[in-house]
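Student: Please take a close look at the nonpolar packing inside this chain. I would also like to hear how the cysteines fit in.

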Amino acid sequence: MARSRGTASAVALGLLLGALAPTGIATADAVPAPEACAAGTGPYQRELEEHLKLTVDGRQTPADCEAVRTFQSRNGVRPADGYAGLTTYRTMLVVEARADPNAAGKCPVRTYRIACVDLTRQLMWVQSGSRVVYAPVPVRSGRDGYETRTGWYTVYWRVLDHYSDLYDNAPMPYSQFFSDGQAFHGTPGDLFSGGSHGCVNLRLDDARRLWNTLVQDDAVYVWGVKPGTERRLRPVDAVRPAAVPPGPRPEGHPEGRTPPPKPGAR
């Protein structure tokens, strides 16, 4: 009996020590709770509320903040803090355009490939006929006084690793020129603020994919007005699109069809 009592005491002691020893396994109570979403009302509050099917009143609530933060997390917006700012709004425009970027019919549909640039929404895509072959992505076009020109163009010069002769030797990777120094090209900077000197800026990965999508003499169609620019160009509805864009580049180097002396308005 003494031996049995000793054995029982040893087992009890072992169980006690085991309970006190760290196991390395976090319990549910040890998991930190997510921080409360505390962002205030953003400048694009109503737009995000409407997109997310929330009560549209332009006032941030805790539920609104959580919904916006979830949207940001799903679409790679950083920081994902629930604030309805410009980057989140611009991302929302791309998300809304994914299903049918040309729903409004602003970019003419032809049998050939067209790079469509919507300055108003600050996004672009490529379509071949009515089929989208390059999904819509955000862009940054020309700032006030350096507006990206509207109308029909063609890609007339492509340079994989170009540097600007006009603007401090600025890098212009994946450059595809379409209008006398104005080009599609990648930029490592903030795409959601300010404006370019006329070029259509893209994120580097998007510019790389566009380089692999377009070829020389592909059509480009640009319309709309970049928000925040003072000079109002003619509305696209007043511009009668040509039946076809400019044709194949003629022999020689006619003015306006080759790079200007200093191409590179970034």
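Tutor: Start with the largest nonpolar core, which has 21 residues in this predicted model. Six members touch the most other members: Val117, Met124, Phe184, Leu202, Leu210 and Val220. Several elements give two or more residues to this core. The strands among them are β1 (113–118), β2 (123–128), β3 (131–138), β6 (171–179), β8 (200–203) and β9 (219–223). The helix among them is α5 (204–211). With three residues, α5 gives the most to this core.

Now take Phe184. Set aside its neighbours within four places in sequence. What is Phe184 then in contact with? Its partners include Ala115, Val117 and Met124. Tyr174, Ser175, Gln176 and Phe178 are also in contact with Phe184. The list goes on with Val200, Leu202, Leu210, Leu214 and Val220. Val117, Met124, Leu202, Leu210 and Val220 thus appear twice here: they are contacts of Phe184, and they sit with Phe184 in the group that touches the most other members.

Another core lies apart from this one, with 17 residues. Phe71, Cys107, Ile114 and Trp152 are among them. A general tendency applies: in soluble globular proteins, nonpolar side chains tend to be buried together.

Cys107 leads on to the disulfides. The count comes to two. Cys107 and Cys116 form one of them, with sulfur atoms 2.1 Å apart. The angle about this S-S bond is -75 degrees, and the link is left-handed. Are its two ends buried or exposed? Cys107 has 1% relative accessibility, so Cys107 counts as buried. Cys116 has a relative accessible area of 0%, so Cys116 is buried too.

Cys37 and Cys65 form a disulfide as well, their sulfur atoms 1.9 Å apart. The torsion about the S-S bond is about -70 degrees, so this disulfide is left-handed. The pair links distant parts of the chain, 28 residues apart. Cys37 is in the loop between α1 (2–20) and α2 (45–51). Cys65 is in helix α3 (residues 62–74). Both Cys37 and Cys65 are buried.

Number the bonded cysteines in sequence order, and the pairing reads 1-2, 3-4. One further cysteine deserves a look. Cys199 has a relative accessible area of 0%, so Cys199 is buried.

Technical notes
Residues numbered from 1 in each chain as written. Predicted model: local features only at pLDDT ≥ 70, side-chain atom pairs only at ≥ 80, totals over all residues. Heavy atoms only, no water. Disulfide = S-S within 2.5 Å. Helix = DSSP H or I, 4+ residues; strand = E, 2+ residues; numbered from the N terminus. Buried < 20%, exposed > 50% of the residue type's maximum accessible area, 1.4 Å probe, protein only. Core = buried A, V, L, I, M, F, W, Y, C linked by side-chain atoms within 4.5 Å. Contact = heavy atoms within 4.5 Å.
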